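Please find below a short set of notes on the structure, point by point. The comments keep to local features and side-chain pairs.

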Amino acid sequence: MSHSHSQMIALPIVPPTVSARLDSMMEYYKQTGKCSLCDIQPNELLIAESDHFISLVPFAATFAFEIWIIPRDHSSHFHEIDSEKAVDLGGLLKLMLLKMSLQLNNPPFNLLIHTSPFQDDPSYAHSTHWFLQIAPHLSGVGGFEIATGCYINPVFPEDAAKILRDVRISNNNI
């Protein structure tokens with residue numbers, strides 16, 4: 001679409017990709033006793049951080065210059081965010097969108113909220129963690145991606161994080 005818009009969709013099922021993510025998080029928890037997102041050591045993947053959130057390029061990013069914003073404190077459900085954290089999240093989200101806009105020539109993007117299903121199994125509470133995903137549209141999806149569900153990302157996550165981290169924001173950009 002050529003204009004800004006939002007979509008909020010609820011499904012009566014847990015989609016296969018979401019189910020796979022939840023199962024993967026549960027498996028990590030069973031092996032380590034830790035939530036996989038709480039256990040992230042972002043190092044060279046870190047872009048910026050705030051009091052309550054970190055922003056990074058995920059290690060196995062699906063899209064070039066993909067950004068995740070992750071709560072520092074364990075939380076399975078986005079809807080449980082309080083007003084202080086919401087303001088903090090808004091500030092970091094604005095910073096990430098500015099950096100992306102300046103560095104990548106204001107690309108179209110998707111902003112996705114990955115949160116646990118409302119009626120999830122209570123045993124998943126310790127292993128699941130909500131996060132925001134910013135997926136810029138820098139190239140089209142090719143036949144390989146459509147046929148296999150495997151995406152080719154030509155940018156190393158460390159390089160993408162450094163490029164975004166190094167974008168300087170001035171008062172003129174705000």
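1. Asn105 sits in the loop between α2 and β4. The model is a predicted one, and in it Asn105 has a positive phi of about 65° although it is not a glycine. Most residues other than glycine have a negative phi. With a relative accessibility of 69%, Asn105 counts as exposed.

2. Phe65 also deserves a look on the backbone side: its phi is positive, about 65°, and it is not a glycine either. The residue is placed in the loop between β2 (53-56) and β3. Is Phe65 buried or exposed? At 10% relative accessibility it counts as buried, because the limit for buried is under 20%. Asn105, by contrast, counts as exposed at 69%.

3. On the cysteines: how many disulfides does the structure hold? The count is 0. For Cys35, the closest cysteine sulfur is that of Cys38, at 3.8 Å, which is too far for a bond, because a disulfide requires the two sulfur atoms to lie within 2.5 Å. Cys35 is buried, its relative accessible area being 5%. Cys150 is partly exposed, at 42% relative accessibility.

4. Salt bridges number 4 over the whole structure. One of them joins Glu49 and Arg72, with an N to O distance of 2.6 Å between the side chains. This pair connects distant parts of the chain: Glu49 belongs to strand β1 (residues 46-49) and Arg72 to the loop between β3 and α2, 23 residues apart. Both ends are partly exposed, Glu49 with a relative accessible area of 49% and Arg72 with 37%.

5. A second salt bridge to check is that of Lys85 with Asp73, where the closest N and O atoms are 3.5 Å apart. Lys85 is in helix α2 and Asp73 in the loop between β3 and α2, so the pair ties together parts 12 residues apart in sequence. Lys85 counts as partly exposed at 25% relative accessibility, and Asp73 counts as partly exposed at 45%.

6. Lys34 and Asp39 also form a salt bridge, with 3.8 Å between the closest N and O atoms. That distance qualifies because the cut-off is within 4 Å. Lys34 is partly exposed at 44% relative accessibility. Asp39 is partly exposed too, with a relative accessible area of 22%.

7. Two histidines merit comment, beginning with His77. Which part of the chain holds His77? It lies in the loop between β3 (67-71) and α2 (83-104). The residue is buried, with a relative accessible area of 13%. A polar atom of the His77 side chain lies 3.4 Å from the backbone oxygen of Pro117. As for Lys99, its C-alpha is 27 Å from that of His77, and the two residues are 22 apart in sequence.

8. His114 is placed in strand β4 (residues 109-114). At 18% relative accessibility it counts as buried, because buried means under 20%. What joins the side chains of His114 and Gln133? They share a polar contact of 2.6 Å.

9. The aromatic side chains should be viewed together. A search of the whole structure gives 4 aromatic pairs. Ring pairs connect Phe53, Phe78 and Trp130 into a cluster. A pair of aromatic rings is described by the distance of the centres and the angle of the planes.

10. At the surface, a nonpolar patch is made up of Ile9, Leu11 and Ile13. Together these residues have about 340 Å² of accessible area. Of this patch, Ile13 is found in the segment before α1 (16-32). Is Ile13 buried or exposed? It counts as exposed, at 56% relative accessibility, because exposed means over 50%.

11. For a second pass through the model, the positive phi values at Phe65 and Asn105 can be inspected side by side. The sulfur atoms of Cys35 and Cys38, 3.8 Å apart, can be viewed alongside the count of 0 disulfides.

Conventions. Residues are numbered from 1 along each chain as its sequence is written. This is a predicted model: local features need pLDDT of at least 70, side-chain atom pairs count only at pLDDT 80 or more; totals for chains, interfaces and linings use all residues. Side-chain values use heavy atoms; hydrogens and water are left out. Rings of Phe, Tyr and Trp (its six-membered ring) pair if their centres lie within 6.5 Å; planes under 30 degrees apart count as stacked, over 60 as edge-to-face and the rest as tilted. Patches are made of residues with over 30% relative accessible area and no salt bridge: like charges are joined within 9 Å, nonpolar side chains (Val, Leu, Ile, Met, Phe, Trp, Tyr) within 5 Å. Accessible areas come from the Shrake-Rupley method with a 1.4 Å probe; for residues, only the protein chains shown count as cover. Helices (H or I, at least four residues) and strands (E, at least two) are DSSP runs, numbered from the N terminus. Buried means under 20% relative accessible area, exposed over 50%, partly exposed in between (1.4 Å probe, protein chains only). A polar contact is a pair of N or O atoms within 3.5 Å; within protein, one must be able to donate a hydrogen and the other to accept it, and residues adjacent in sequence count only if both atoms are side-chain atoms.
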